[in-house]
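Let's take a walk through this model together, one chain at a time. Keep the viewer open and turn it as you read.

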Amino acid sequence: MSYFLTQVLNGLSFGLVLSLIAAGFAIVFTSTGVLNFAHGSVVLLGAYLVAVTQPTIGFWPAVLVGIAGAAGVGVLINALLVRNLADPNPGTAAILMLGVDILLLTELTRRIGNRVLPLGAPWGADTVRFAGIALPTGRVLAAVLAIVVFAGLWFLFARTRMGVGMRAAAADGPTASLMGIQLARTGATGWALAGVLAALAGVFLTSFPAPGIAPTVALSAFLAIPAWVLGGFDSVPGAVLGGLLVGLVTALTVGYESHLTFLGSGFGDVVPYVLMIIVLLVRPQGLLGSKEAVRV
Amino acid sequence: MTKTRPALVAAAACLFAVTACSTTEPESAGGGGSGDVETGTGVTDSAISIGVLTDLSGPFAAGAAVQVTEFQAYWDQVNADGGVCGRDVEMQVQDHAYDPQKAVSLYRSMSSDIVALQQVLGGPTSAAVLPLAEQDSVYVGGVGWASTALGYANNQLPGASYSIQGANAVDYLVDELGIEEGSSIGVVYYVGDYGADALAGAQHAAEERGLTVIPQEITPATTDLSAQASALVQEGASAVILGAAPTQLASLAGVLGSQGADIPIVGMNPTFNPALLNTPAADALLANTYSILSVAPYASDEPGVQEANALYAEADPDGATGWEVPLAYGQAELLKNVLERACDAGDLTPEGVVTALGSADDVDTEGIFPDGLDFTQPGESPTRTVFVTKVSDTAEAGLELLDTFEGPSAKSYTFG
Amino acid sequence: MSDLPRRIGGLVLLLVALALPLVLEDFWLQLGLFVMAAMVGAIGLTLLVGVAGQLSLGHAAFAAIGAYVFVWATSESTPTLAGAGLPAVVGLVVAVGVTALVGFAFSPVASRLRGIYLGLATLGLVFVVRHLLLNLEPWTGGFTGRSVEPFTLGGFSFSNRDPDYLAVAGVEFEGLHRLWYLFLVLTLLACWLGVNLRSSRTGRAWANVRDSETAAAAMGIAVARHKASAFVVSSGYAGLAGALLALAYGRLAPDVFTLTVSVEFLVMIVIGGLGSVGGAMVGALFVTALPLVLTQYSDAIPFLAAPGSGGLDPATASRLLYGLAIIAVLVFLRGGLTGAFRRLRGRFGGGGPVAASGAPDDTRPAPPTDPGHQAGMHPAISKETAR
């Protein structure tokens with residue numbers, strides 16, 4: 001039983017980290033209609049900035065640098081490139097982001113080399129123990145922080161002028177624009193928010209139980225795509241739910257692999273995608289997505 | 001679109017082509033060459049050209065760069081001492097960025113200028129290039145240690161294959177680390193030729209030694225091994241064999257440590273990187289982690305390794321140190337040995353070099369590889385001996401040499 | 001629009017393509033094979049994405065199916081690997097047929113989802129197919145894959161053997177040279193078929209469905225059937241591209257068909273200009289050849305460090321240039337490379353009107369397309385139907 005619980009908690013805490021990334025996909029998509037293929041490298045960039053600045057300025061200030069850097073790059077990408085597309089449409093925007101991804105990832109890979117950059121997180125390899133279950137402190141922190149962040153996001157979208165403006169812009173851009181909402185500003189806010197979430201996710205994705213920063217981190221961010229999709233394209237709560245589901249199902253598939261051999265070895269790596277296809281078939285708008293989103 | 005006219009032209013072109021066709025081979029002048037050495041592609045009277053197809057901008061860029069530096073330093077030194085067969089050895093380096101399509105194209109661009117390939121780095125890339133090189137009878141070294149490469153007569157494996165490493169890992173666990181018969185061991189491995197080969201060796205050995213294997217497949221994108229580690233602890237694994245990369249080693253060791261599982265972890269050749277000792281997992285790594293190497297570790301005091309390290313330190317004083325240094329030196333040494341054999345046999349054509357490889361028995365590399373490498377048996381690992389090392393913060397490059405080792409199951413492992 | 005310059009241009013290109021093997025080195029021939037395989041795949045994808053408006057990130061999965069079916073069909077059965085031992089041409093037909101069939105099986109999904117949603121669902125397909133390739137070892141050879149039999153046609157082999165020596169105008173024609181012509185014929189066939197399909201009744205129906213499903217339905221077009229047929233045709237193209245890739249490599253492994261390949265197909269058609277067959281082919285040339293040519297000739301770029309010396313090495317530089325090129329085309333060239341070319345010709349040649357090629361789906365706000373709700377309510381968004 002404690003084994004089952006360990007896997008469940010492992011999966012859920014990892015799932016919350018995925019949720020942070022998935023929410024970034026959802027926010028960028030709702031605020032500017034872009035499928036951000038470069039999101040993985042923004043995650044890596046945030047973590048990289050933390051790792052290179054922490055020896056001189058300490059861990060927590062470094063986290064702020066990472067957040068600022070990732071958010072800044074997001075805003076710049078939006079302002080300089082996305083808004084200047086020759087044929088603005090979701091297809092070309094997605095390809096544009098692939099170009100950006102190639103640039104970011106190539107340069108970061110070159111800088112990281114085959115070093116494994118430690119993140120210098122103060123919680124090190126500590127674990128939290130209760131009821132016979134040991135969980136890495138970093139993951140517990142990640143879960144707590146993610147819950148706080150999502151509560152903050154909920155407040156932002158539901159209660160603030162900015163957030164309401166963003167929702168209006170997402171629902172109907174031209175009308176919102178006529179109502180005096182500045183689409184440029186809501187777009188920039190969306191990209192900045194996604195950058196903040198990406199940097200936070202990067203910190204937890206690369207600290208214990210992961211060893212540190214390696215270029216493969218950008219790959220694991222890919223797992224957030226099924227999380228985002230199955231939660232619903234335009235829904236932050238959906239992204240949270242999707243992340244939790246992907247984390248949970250992956251952990252359980254891996255944890256009970258010896259009972260699932262009929263699915264082939266390594267099924268844990270495809271199960272998020274299988275889950276995504278099934279959900280899309282049953283509910284094309286995703287679990288919590290709004291029906292409008294599908295009518296693009 | 002265009003209709004009749006192109007068709008006519010095409011027909012005319014075909015006609016022209018057919019009339020210009022010939023299927024009788026003109027008498028070739030045989031290989032060129034001066035003196036009593038026959039030469040062909042890639043060899044002139046003054047130079048021997050060899051190629052390196054490596055990954056300088058993809059996932060293995062940094063380790064690959066170390067090897068390229070060491071190759072270059074080695075051949076520069078050889079040339080300063082008079083070269084091979086009275087000729088300078090010139091190295092062409094191309095970067096395939098771990099992309100098989102690039103690797104194949106770059107191989108095509110190289111194959112008409114070189115006599116042998118010093119290295120084709122990477123699993124998918126070498127799998128794409130090896131069959132082409134076999135058709136062209138071009139020697140290929142340094143493709144890693146997967147047994148699948150043993151099927152190619154033109155390939156030279158630098159030391160024991162992954163399956164032999166895996167089998168030796170189990171033997172070492174039983175004979176030296178006190179794992180008892182009847183216990184179970186985890187094998188966490190990459191999907192693919194590397195991981196599957198290590199698993200095959202470990203499974204054979206486990207059967208021989210009365211152990212049970214708990215396999216856990218992962219991919220390079222798996223950087224958090226919490227779920228795998230918990231599963232292994234749950235199933236009562238008393239040791240873990242890891243066929244993956246440094247990122248996975250650090251995560252696995254860290255999580256096992258945090259779960260209070262005080263069990264040995266044995267990695268294969270590419271599993272360790274000294275940079276891991278700066279991560280939070282350092283304590284766990286120092287306590288329990290071993291690495292089975294096909295090549296002597298950087299900290300070995302064998303003369304060959306010392307020479308390799310000195311050469312590297314001179315070539316790149318700030319370079320990263322690790323097992324890549326002696327490996328690159330040893331691989332260059334193996335190729336030099338084969339080229340010299342081909343020279344002695346009077347045939348420095350690409351085919352001649354491959355033939356010379358097939359005659360290379362009892363190759364000695366001054367302690368970089370186990371002594372007496374035997375390349376005369378196609379499909380067999382050139383040796384069944386490996387180096388057993390333990391992670392240490394006092395040894396240079398983080399690995400301390402414990403032993404050279406050849407276990408009974410490694411001896412009884414059959415290829416095929 | 002005057003067709004003469006275009007015909008002459010096409011003819012010159014064809015003659016050049018026919019003559020190239022006489023002068024090119026192996027590197028360029030090999031590259032040419034990859035480019036032509038990519039062209040076939042890109043044409044299929046541009047019909048689906050550009051003309052019919054269904055985004056697909058799963059093209060590599062269909063290419064993988066085509067490649068493996070082709071190899072299975074043409075290989076003799078061995079104790080470890082299954083094979084049907086069929087003639088190569090039959091194998092090609094079987095490969096295209098089976099892939100199209102798989103596309104048909106997937107088309108219910110396609111008819112339920114639109115635009116980027118369909119794209120992401122097909123992205124899942126790449127991972128699922130990869131999992132199958134790795135695990136169905138008796139057919140696929142697992143991770144290490146299986147080797148590809150040379151293509152033979154009536155005793156003539158497109159390899160270095162049978163005939164062992166063949167020379168044309170004094171140039172020895174080896175496997176690569178022979179394959180060049182096979183690929184050229186198939187690529188031209190694919191191109192011809194693509195152009196005709198695009199301007200046929202079916203192609204116009206696809207474009208109508210893309211622009212507005214409701215309007216298309218009102219005009220009597222069977223929407224679901226046409227969405228499915230676009231998917232089937234595109235999958236067939238992907239299958240052929242996969243079989244060609246198999247022949248170009250000489251060996252198949254799951255690593256040949258990664259997500260990167262899917263994405264690159266998409267980059268090709270977007271850079272070339274969505275919906276244009278010629279654009280897809282230009283895009284395929286651009287995406288496949290540029291990184292390799294940059295790598296190959298990077299020694300000529302002065303300020304770069306030697307490989308392995310730790311500085312900005314040629315390969316990294318070429319990758320950065322590749323990324324920059326994608327961004328530059330998308331930011332500066334409306335309608336991709338073909339759009340820019342058309343404008344250029346429009347400016348100098350006084351040719352026909354500059355038609356921006358159709359995009360698969362427009363920016364938000366989206367035209368709501370619920371049946372019976374409203375049809376073509378946003379005149380600003382409804383597009384000129386691509387010819």
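The domain bounds used here come from an automatic or database domain assignment. Keep in mind, too, that the model is a predicted one.

With that in hand, start in chain B. Its assignment gives domain 1 as residues 34-159 plus 301-378, and domain 2 as residues 162-293 plus 388-412. If you take the centres over C-alpha atoms, 29 Å separate domain 1 of chain B from domain 2 of chain B. Where the two meet, 10 residues of domain 1 of chain B are in contact with 14 residues of domain 2 of chain B. On the domain 1 side of that contact in chain B, you will find 4 nonpolar and 6 polar residues, with no charged ones.

Stay in chain B and look for helix H12, residues 350-358. Is this helix enclosed or open to its surroundings? Of its 9 residues, 7 are buried, so H12 of chain B is largely enclosed by the rest of the structure. The buried ones are Pro350(B), Glu351(B), Gly352(B), Val353(B), Val354(B), Ala356(B) and Leu357(B). Their cover within chain B includes strands E2 (38-39), E5 (116-120), E6 (139-141), E7 (155-156) and E13 (347-348), along with helix H11 (324-344).

Now move to chain A for a helix pair. Two packed helices are described by the angle between their axes and the distance between the axes. For helix H10 (residues 224-231) and helix H11 (residues 236-255) of chain A, the axes come within 7 Å and cross at roughly 125 degrees. That angle makes H10(A) oblique to H11(A), and the crossing is right-handed. H10(A) contributes residues including Trp228(A) and Leu230(A), while H11(A) brings, among others, Leu241(A) and Val246(A). By class, the contact of H10(A) with H11(A) has 9 nonpolar residues, 4 polar and no charged.

Chain C comes last. Its secondary structure amounts to 14 helices and 6 strands, and 55% of its 387 residues are buried. Count the contacts in chain C between residues at least 6 apart in sequence, and 74% of them join residues at least 24 apart.

Chain C also touches chain A, in a contact that takes 46 residues from chain C and 42 residues from chain A. On the chain C side, the elements giving two or more residues are helices H4 (88-112), H5 (115-135), H11 (259-272) and H13 (314-332). That side of chain C divides into 30 nonpolar, 9 polar and 7 charged residues.

How values were computed
Residues numbered from 1 in each chain as written. Chains lettered and ligands numbered in written order. Predicted model: local features only at pLDDT ≥ 70, side-chain atom pairs only at ≥ 80, totals over all residues. Contact = placed C-beta atoms within 7 Å. Helix = DSSP H or I, 4+ residues; strand = E, 2+ residues; numbered from the N terminus. Nonpolar A, V, L, I, M, F, W, Y, C, P; charged D, E, K, R; others polar. Buried ≥ 20, exposed ≤ 12 C-beta atoms within 10 Å, placed from the backbone. Axes fitted to C-alpha atoms, helices over the stretch in contact; angles between N-to-C directions. Parallel < 35°, antiparallel > 145°, perpendicular 65-115°, else oblique. Left-handed = near helix turned anticlockwise from the far one by under 90°.
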